Amino acid sequence: MDVAKAHGALLREHTEPRDGAAPVPLWLLTFFLALAFWAGGYLFFYSGGFRGDVFNENQIAWGYTPPSAGKAKDPITLGKRLYVANCASCHQVTGLGQPGVYPPLDGSHFVNGPSSRLVAIVLNGVTGPLKVDNTVFNNNMPAWKGLLKDEQIAQILTYVRQEWSNQSAPISSESVAAQRAKWTTRADPLTEPEILAIPTEELPGAASASASPAAPAAH
Amino acid sequence: MTSFPAPTPSAQADALDRAAIDASCRVPVLLFFASANFWLFFGSIFALLASIKLTNPEFLTDSAWLTFGRVRPAHLNAVAYGWASPAAIGVAIWLMARLCRAPLRHARILIAAALLWNLGVAVGIGAILAGQSTSVEWLEFPSYAAILLFIGYAFVTVWALLMFRERRPGHVYVSQWYIFGALFWFPWLYGVTNLMLIVWPVQGSVQAIINWWYGHNVLGLWFTPIAIASAYYMIPKILGKPIHSYYLSILGFWALALFYSWNGGHHLIGGPIPSWVQSASIIASVMMLIPVIATAINFHMTMVGSFSALRTSPALRFTVFGAMSYTIVSVQGSSMALRSLNKITHFTHYTIGHSHLGMYAFFTMTMFGAMYYIIPRLVRWEWPSAFLIKAHFWLAASGIAIMVVSLTVGGVLQGLELADPKIPFLDIVVRTRPWLHARSGSGAFLFMGQLAFLLSFILILLRAGRRREGPTLLGDAASRRS
């Protein structure tokens with residue numbers, strides 16, 4: 001190809017672009033530093049503690065806070081989740097059980113009665129005739145001590161004692177632990193006479209349960 | 001002004017080299033440009049339909065294919081993937097070849113890429129109109145269309161690597177950094193988000209975060225770098241001056257790379273995502289001032305003393321219009337990320353004004369500028385009509401100005417009213433109508449300008465008119481630059 005035939009646009013073109021070497025102005029660098037300073041401040045004040053569960057930028061201003069701090073676990077929410085997973089297949093989500101097969105938890109004097117007995121029932125399971133709300137059931141409930149931790153049993157029972165028409169005091173995981181210590185060697189499920197023989201003494205953390213109106217029969 | 005020493009081969013040998021490079025680029029680049037203009041035409045028709053439907057909801061409702069919910073994403077995808085991306089790829093190819101100072105090889109890879117990409121766009125738009133959109137904003141193409149785009153794009157990236165290996169040794173110019181950045185960023189963004197949102201969708205509000213990570217990065221890490229690369233080439237090239245400062249170029253490039261990918265979260269301010277994510281994106285958005293100001297100073301200082309060239313050179317006029325819009329749209333964007341302003345402007349037409357300022361006034365105008373420069377060199381024919389170019393420029397410039405002003409003012413009023421619970425929602429909707437009418441009108445301006453360009457494009461491909469010796473200039477030829 002010869003130059004004469006080359007397109008005019010190519011001939012009148014300047015060389016390919018080059019770089020000048022002017023320095024970055026000082027005022028610009030200063031401005032950028034000021035921006036960076038502002039950015040640090042903004043992150044400091046509106047980072048919500050860098051937590052995944054803070055959506056309001058004004059809520060927590062000061063740096064990182066571990067996720068568990070300041071956030072009390074709600075035993076009712078957790079208890080409900082565990083109840084649905086473990087107990088509802090028999091006692092139903094309604095807490096009413098199934099007539100003749102599974103006794104109700106709603107309004108039951110075992111549930112609303114002394115926490116020592118309630119915790120013992122759940123830890124060891126029950127077998128043989130059991131009178132709940134003037135109906136005698138004769139079935140088996142498995143033991144839960146091998147499956148659920150103290151904290152989980154406490155959450156389930158706290159939920160059960162405050163759901164439906166029940167209005168009894170919460171049960172702490174310490175009280176479950178204390179009760180579990182008494183039954184470590186027990187392998188078989190409890191029977192009704194054994195349950196009723198358990199002293200009605202209150203476990204730590206459930207002091208007000210004995211005042212429950214649903215539990216007079218136990219006194 | 002001090003500058004790095006220029007390579008000084010003889011001017012003639014230089015021109016011959018360039019002629020060989022341009023000839024080698026002809027087919028692939030024109031293929032991308034032609035398809036870009038094809039989709040720009042249809043994308044704009046979808047835009048006009050969608051715009052009219054906002055003021056006249058009864059318009060064209062008989063067929064499900066033309067309902068707002070389909071026409072609007074058809075517009076976005078046609079202009080983003082049909083127009084903007086092929087235009088950007090075409091410009092990137094030509095700039096790469098020119099700046100590598102070597103003729104383009106492996107044109108077949110690029111031709112295959114163009115065919116695959118356009119097939120993907122056609123399938124995708126068809127799917128959207130047929131009601132098969134994924135309904136993820138910016139990623140409405142179903143996966144069977146997206147995969148075509150992805151493979152087509154991968155070809156372009158591979159080609160760029162091959163091209164770069166065959167370059168003539170020497171300084172790597174700033175435009176090339178941006179092109180390389182973009183050619184790797186885009187497939188990464190597009191691939192990852194398609195996998196995480198469409199193929200194996202993640203759960204919950206993380207979806208929104210990923211969605212906007214993509215939605216904003218496709219602007220900032222794909223379209224923006226190519227347009228900046230083009231401006232970095234066109235401005236010094238047409239003026240015959242070195243770019244003002246290499247150091248500002250570096251600062252601008254790396255600051256963009258660092259901050260842009262954090263920006264997406266500012267679309268979710270006030271939403272159910274952790275506030276630190278929002279705050280981090282707000283900071284990154286404001287920090288974008290660094291690359292933007294660095295780039296703006298670099299362009300401006302290069303232009304100083306040569307503004308009169310804007311009167312004559314079409315390529316320069318469009319490019320500088322785009323570059324100035326880049327500064328404006330970016331500063332506006334940084335301010336919109338601030339919680340106090342965002343509270344008012346979010347979910348209003350203001351945002352739409354902002355996005356058109358970016359995609360049209362900045363990106364599209366810069367691409368037009370590049371095309372005005374590149375195409376005559378590829379077809380070895382001058383633009384047939386200065387009148388058509390002038391018509392294009394003034395229709396586009398006034399159209400986009402009217403659009404941005406009406407949506408911005410209308411959007412602020414809308415936002416203030418929405419913040420007042422005493423005003424019934426429907427009243428606010430009705431009161432946006434005049435602004436939306438203005439937007440439809442401005443869209444018609446843009447459309448007519450594009451028709452002028454399309455006509456020029458067809459005429460120059462046909463080598464219509466008499467052969468011109470000099471460039472087609474807009475004003476009196478005080479300086480012979482094109």
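I started with the A/B interface: chain A and chain B bury about 4500 Å² between them, and 64% of that is on carbon and sulfur atoms. On the chain A side, I looked up who loses the most area to chain B, and got Arg12(A), Arg18(A) and Asp19(A), together 17% of what that side buries. Note to self: this is a predicted model.

Next I checked how many residues take part. The contact draws 43 residues from chain A and 63 residues from chain B.

Then charges and polar pairs. I get seven salt bridges between chain A and chain B. I pulled up one pair, Glu57(A) with Arg339(B), whose side chains form a salt bridge at 3.5 Å, N to O. For polar contacts across this interface, I find 18 residue pairs, both partners at pLDDT 80 or more.

Which elements of chain A supply at least two residues to the side that touches chain B? I noted α1 (8-11) and α2 (26-46). The largest share comes from α2(A), with 11 residues. By class, I split that side of chain A into 26 nonpolar, eight polar and nine charged residues.

Last entry, the second largest pocket. I put its space at about 550 Å³. It is lined by 34 residues, and those closest to the centre are His91(A), Pro103(A), Leu105(A), Ile121(A) and Met141(A). I traced the elements of chain A giving two or more residues to the lining: α3 (75-86), α4 (88-91), α5 (115-124), β1 (126-132), β2 (135-141) and α6 (150-162). I also sorted the lining by class and found 25 nonpolar, nine polar and no charged residues.

Note on methods:
Residues numbered from 1 in each chain as written. Chains lettered and ligands numbered in written order. Predicted model: local features only at pLDDT ≥ 70, side-chain atom pairs only at ≥ 80, totals over all residues. Heavy atoms only, no water. Contact = heavy atoms within 4.5 Å. Buried area = accessible area lost by both parts, 1.4 Å probe. Salt bridge = Lys/Arg side-chain N within 4 Å of Asp/Glu carboxyl O. Polar contact = N/O pair within 3.5 Å; in protein donor to acceptor, adjacent residues only side chain to side chain. Helix = DSSP H or I, 4+ residues; strand = E, 2+ residues; numbered from the N terminus. Nonpolar A, V, L, I, M, F, W, Y, C, P; charged D, E, K, R; others polar. 1 Å grid on protein atoms, 1.4 Å probe; cavity = no way out; pocket = protein on both sides within 12 Å on 5 of 7 lines; lining within 4 Å. Points joined across faces, edges and corners; volume = space filled by probe spheres on them.
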